Structures are given as C-alpha cells and as structure tokens.
Amino acid sequence: MTDDRTVAPAGLVLRAEGVRKVYRSGGHDLEVLRGINIELREGETVAVTGASGVGKSTLLHILGALDHPSEGRLHIRDVDVLGLDDDARAEFRNRHVGFVFQFHNLLPEFTAMENVMMPALIARHADGMELRARELLSLVGLDHRLEHRPGELSGGECQRVAVARALIMKPELVLADEPSGNLDHESSGRLHSLLRELARVENQAILVMTH
C-alpha cells in the first residue's frame with residue numbers, strides 16, 4: 001500500500017500546481033486554464049478577478065474537487081484530492097470545503113437554521129450542529145432571523161445564510177463564486193467584508209471569484 005499524501009507546510013490549506021483544463025470543441029482543443037499555480041493559507045482571503053468567460057468558475061470547480069483538470073496537482077492540507085475515488089472525494093469535499101455561489105440555492109421550505117444545518121444533516125453529523133448554526137447565523141448578523149424561510153428574507157440576508165451554511169462543517173477551505181453578483185453595491189461591500197472577517201475569526205482560507 002502506498003501513501004499519496006504529502007506533508008503540507010504549516011498553515012498551508014490549498015496548493016494547486018500546473019492546473020490545465022482543455023475542452024474538446026468542434027474538433028479542436030479549447031484551452032480554458034493554462035498552468036495555474038495557487039497557494040492559500042489559514043486566515044487568508046484571496047480574490048481572483050476577471051471578466052465572464054475567462055475560466056474562473058472552471059478553476060473554482062477544480063479547486064473544490066467538483067471537476068478534474070486535464071493536467072495538474074491539487075492538495076488540500078496534506079491530501080492529494082485528485083487521487084481519491086469518487087466516493088472518497090465527495091466525502092472529503094463535504095467535510096473540508098465550503099461553497100458559496102452567486103445564487104444562494106437555499107431550500108425554500110426550510111428555515112434559515114435548517115438550511116445552515118443541511119450539510120451536517122446530509123453527512124449525518126448533526127450532533128452539536130444546532131448550536132454551531134446559531135453561532136454562525138449570529139456571526140453573520142442573522143440571530144433574529146433563525147426561523148425565517150428564504151421567501152421572508154432579503155437577497156443579502158439569503159446570501160449571508162448561504163455563507164453560514166458553507167461554514168457549518170468547519171471547512172478549512174471556502175470557495176465563493178461571484179457571491180455578490182446578485183446584490184446591490186452596498187450589500188456586496190458588506191458581504192465581502194464579512195468574508196474577510198470570517199476568514200480571520202474561523203481561521204479559514206477563502207478564495208473569491210469575482211469581476
């Protein structure tokens with residue numbers, strides 16, 4: 001039996017090396033990503049900027065182990081994520097990576113509390129998570145909206161619930177794809193400030209894809 005893990009330097013959460021993604025289109029190769037190298041450490045917030053269509057979402061999906069690169073290596077902590085089989089990668093992703101997307105994707109029939117707890121319920125690790133969900137919703141300024149459903153919340157409030165949901169499993173890495181794309185300028189600024197503060201408080205690495 002071989003061990004494919006490498007020891008991560010202290011504080012290093014994400015290391016991607018030589019990431020390349022090529023799609024076959026119309027009989028030709030379309031290179032979307034070429035030789036991307038990224039390192040991200042605890043408590044660090046990094047923004048990747050670029051116009052729509054340049055490959056930001058593709059990169060995020062690869063870094064979050066939702067997609068495979070054509071070439072390259074990806075380590076989260078000391079784990080060679082691309083070397084895991086599908087089931088192990090899905091379990092690893094649920095425990096160690098949090099996602100925030102442009103559309104909050106909250107379940108309309110559930111309360112803010114229930115939406116935040118959903119990843120823990122799916123993973124069958126709900127013990128103690130109700131308290132953590134309350135703490136996270138308080139951290140994002142929604143301790144007075146615990147029992148409200150998405151239809152009773154503003155767009156900015158829904159996105160803050162989505163941020164809390166991304167943090168419920170205490171992931172080392174949080175990936176946000178255009179998280180403020182549907183918010184007004186003021187709400188967008190508050191959300192990005194919140195992400196920076198959460199990176200510090202929760203000691204997580206946060207990568208934000210944005211325009």
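This passage walks through a sheet, the helix that packs on it, and a pair of helices in contact. The structure is a predicted model.

A good place to start is the open sheet, which has four strands in the order 2-1-4-5, paired in the antiparallel sense. Strand 2 (28–41) and strand 5 (79–80) take the edge positions, and each has a single partner strand, so one side of each lacks a neighbour in the sheet. As general background, strands of a sheet pair through backbone hydrogen bonds, in either a parallel or an antiparallel manner. Within this sheet, strand 1 (residues 12–25) is joined to strand 4 (residues 71–76) by five bridges in an antiparallel pairing. To find one such link, look for Glu17, whose bridge partner in strand 4 is Arg73.

The sheet also carries a helix. Helix 1 (residues 56–63) packs on it and touches strand 1, strand 2 and strand 4. The direction of helix 1 makes about 60 degrees with that of strand 2.

Further along the chain, attention turns to two helices. Helix 4 (residues 129–139) and helix 5 (residues 155–167) have axes that come within 9 Å and cross at roughly 140 degrees. Angles over 145 degrees would count as roughly antiparallel, and helix 4 and helix 5 are therefore oblique to each other. Their crossing is right-handed. On the side of helix 4, the contact is made by Arg132, Leu136 and Leu137, while helix 5 contributes Val161, Ala164 and Leu167. Sorted by class, this contact holds five nonpolar residues and one charged residue, with no polar ones.

Technical notes: Residues are numbered from 1 along each chain as its sequence is written. This is a predicted model: local features need pLDDT of at least 70, side-chain atom pairs count only at pLDDT 80 or more; totals for chains, interfaces and linings use all residues. Side-chain values use heavy atoms; hydrogens and water are left out. Axes are lines fitted to C-alpha atoms, for helices over the stretch in contact, and angles run from 0 to 180 degrees between N-to-C directions. Helices (H or I, at least four residues) and strands (E, at least two) are DSSP runs, numbered from the N terminus. Angles under 35 degrees count as roughly parallel, over 145 as roughly antiparallel, 65 to 115 as roughly perpendicular and the rest as oblique. A crossing is left-handed if the near helix is turned anticlockwise from the far one by less than a right angle, and right-handed if clockwise. Contact means heavy atoms within 4.5 Å. Ala, Val, Leu, Ile, Met, Phe, Trp, Tyr, Cys and Pro count as nonpolar, Asp, Glu, Lys and Arg as charged, and the others, Gly among them, as polar. Two strands pair if DSSP finds at least two bridges between them.
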